[in-house]
Amino acid sequence: MKRPKTRAKGKNVPAVTRVTLAPSDAASWQYAPAPETYDYFKIAPRYGLFIGGKWVAPKDGRRFPTLNPATEEVLTHVAEAGPADVDRAIKAARNAYERYWRRCSPQTRAKYLFRIARAITERSRELAVLESLNGGKPIRESRDVDIPLAAAHFFYYAGWADKLEWAFPNRHPEPLGVAGQIIPWNFPLLMAAWKIAPALACGNTVVLKPAETTPLTALWLAEIIEQADLPPGVVNVITGGGDTGAALVRHPDLDKVAFTGSTEVGKQIAIQCARLRRPVTLELGGKAANIIFEDAPMDQAVEGIINGIFFNQGHVCCAGSRLLVQESAIELVVDKLYRRIQSLRVGPPLDKNTDVGAINSKAQLAKIDELARSGEQAGRPRYQTECALPSRGYWFRPTFFTEVALSDRIAQEEIFGPVLSVMTFRTPDEAVEKANNTRYGLSAGIWTDKGSKNFKIAAQLRAGVVWGNTFNKFDPSSAFGGYKESGFGREGGIFGLLPYVKDRWRSA
Ligand code: NAP
Ligand code: MG
């Protein structure tokens, strides 16, 4: 594989120090293995459904295996909930709503949420290991990002439970009832927290369906909820595939649907909910632009690009998957990026030195590979890490394409993997136009040393979150959500409460 060529364009091309990194140089970055152990907890050979505060077998007895994507080993078998199980779960949630949850004081609801938050913190190591085992993400991320943020969401919304009157002054916020919540595989526990915590804080009960490939931390969360002694049926967790999700959405006795996943499935859900006149919030796909101006702090920007697209193997809806670089800085950025990706360590998710873990599933790997090939077929130069990959499991080398055209599939379609499409722009207006030239609008990043430029550009981007001189930063108190086909409704912060209350003006 060749390094990027120098093509001087314009007068402002900075002098570039070029370093050729052969695979042998990259090997000098090897560290001794530092795997996280997991002999202090057990994964049972099979799991049931958590319905009405009890662990029950699926009615028709169906189960499916869940894997470790880094080794392809079966970790355990989980239940596949059918329509009868969905019905049981919704009945349990309805009963819990009418009998306990809507009646208990806001302070009591807060107490339960604080309990869950504390239990997540206490079992954080176990949860982080489980997330990496089942999902393939590096333990460093599960340990430092996913699990602490999941706990933080429960702490945050526990704080709101008895302050809803302050959140919506002069209104009379009331819960909706039973919420059906469907989540994807890229941040399994964190997405469960984003969904469950605000729903419970507002007095709703829930039926949660985790993704087929990553059910384990949701089942551990169910166990935590059981130990926190929540009234039975307030939270129900039903594992299964797309059919289980579809049965949940079309059930007649739901009051609300909250979905995070692909735009394709989100559209089907939107249509069904419209027919049923059911409130729905959708957090869907993205194709974020990371915009680098020539005056950006380049080393930080390159770290931001790396974090933006290679964090969690690019399995991030808000990943910075399109890189827009000001033309005068393209050589410098591409050189630095090329050099930096050679030092990324791709390997066992449980190793604390790993930067990029395993792709979540065989199907996702095939999808990433197909889209990357379309970049090659379009004639775009392809660059990737040269490290050795494990022989088993699902892996994809951190990759970027240069000279990408706006119309290329890799510039328009969500790849949801560690593949970056690099394009250039000349003026700020062109940057905005190109950044907005997508059907998505979830997030964006801007890198410049001028604060005023940062704010001016941010205001023109049609994206729910815009990061300035940073990327992929999350906090429970800030809202998250999309424009256009990235969905509607917001999660996080005070805005995350809104989809879970009937917002009535208080009558005088
Ligand atoms: P997906 O196929 O849409 O699945 C999401 C969830 O919906 C899974 O639990 C899935 O079950 C379930 N599901 C599948 N078909 C369904 C149907 N017809 N009715 C109801 N539920 C159904 O998405 P994914 O491939 O798991 O996740 C990747 C996508 O999610 C990406 O497009 C990404 O951008 C998006 N995402 C968005 C956000 C955000 O906040 N905006 C966050 C994370 C991910 P199975 O697991 O069995 O398929
Ligand atoms: Mg799917």
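Visitor: Which helix gives the most to the lining of the largest pocket?
Guide: α10, with six residues. Helices are DSSP runs of H or I, at least four residues, and strands runs of E, at least two. A pocket is an open set of points on a 1 Å grid over the protein atoms alone where a 1.4 Å probe fits, with protein on both sides within 12 Å along at least five of seven lines; lining residues have an atom within 4 Å of a point.

Visitor: Anything I should know about the model?
Guide: It is predicted, so local features need pLDDT of at least 70 and side-chain atom pairs 80 or more, while totals for chains, interfaces and linings use all residues. Residues are numbered from 1 along each chain, chains are lettered from A and ligands numbered from 1 as written, and side-chain values use heavy atoms, without hydrogens or water.

Visitor: Which other elements supply at least two residues of that lining?
Guide: β4 (63–68), α9 (242–250), β10 (256–260) and α13 (362–377) each do, as does α10 (263–276).

Visitor: OK, ligand 1. Which residues are closest?
Guide: I183, E212, S262, L284 and E414, out of 28 that surround ligand 1 (a heavy atom within 4 Å).

Visitor: Which polar side-chain atoms lie within 3.5 Å of it?
Guide: K209 has a side-chain N or O atom 3.1 Å from a ligand 1 oxygen. A polar side-chain atom of Q268 is 3.5 Å from a ligand 1 nitrogen.

Visitor: And where does the backbone come in?
Guide: At E283, where a polar backbone atom lies 3.4 Å from a nitrogen of ligand 1.

Methods. A polar contact is a pair of N or O atoms within 3.5 Å; within protein, one must be able to donate a hydrogen and the other to accept it, and residues adjacent in sequence count only if both atoms are side-chain atoms.
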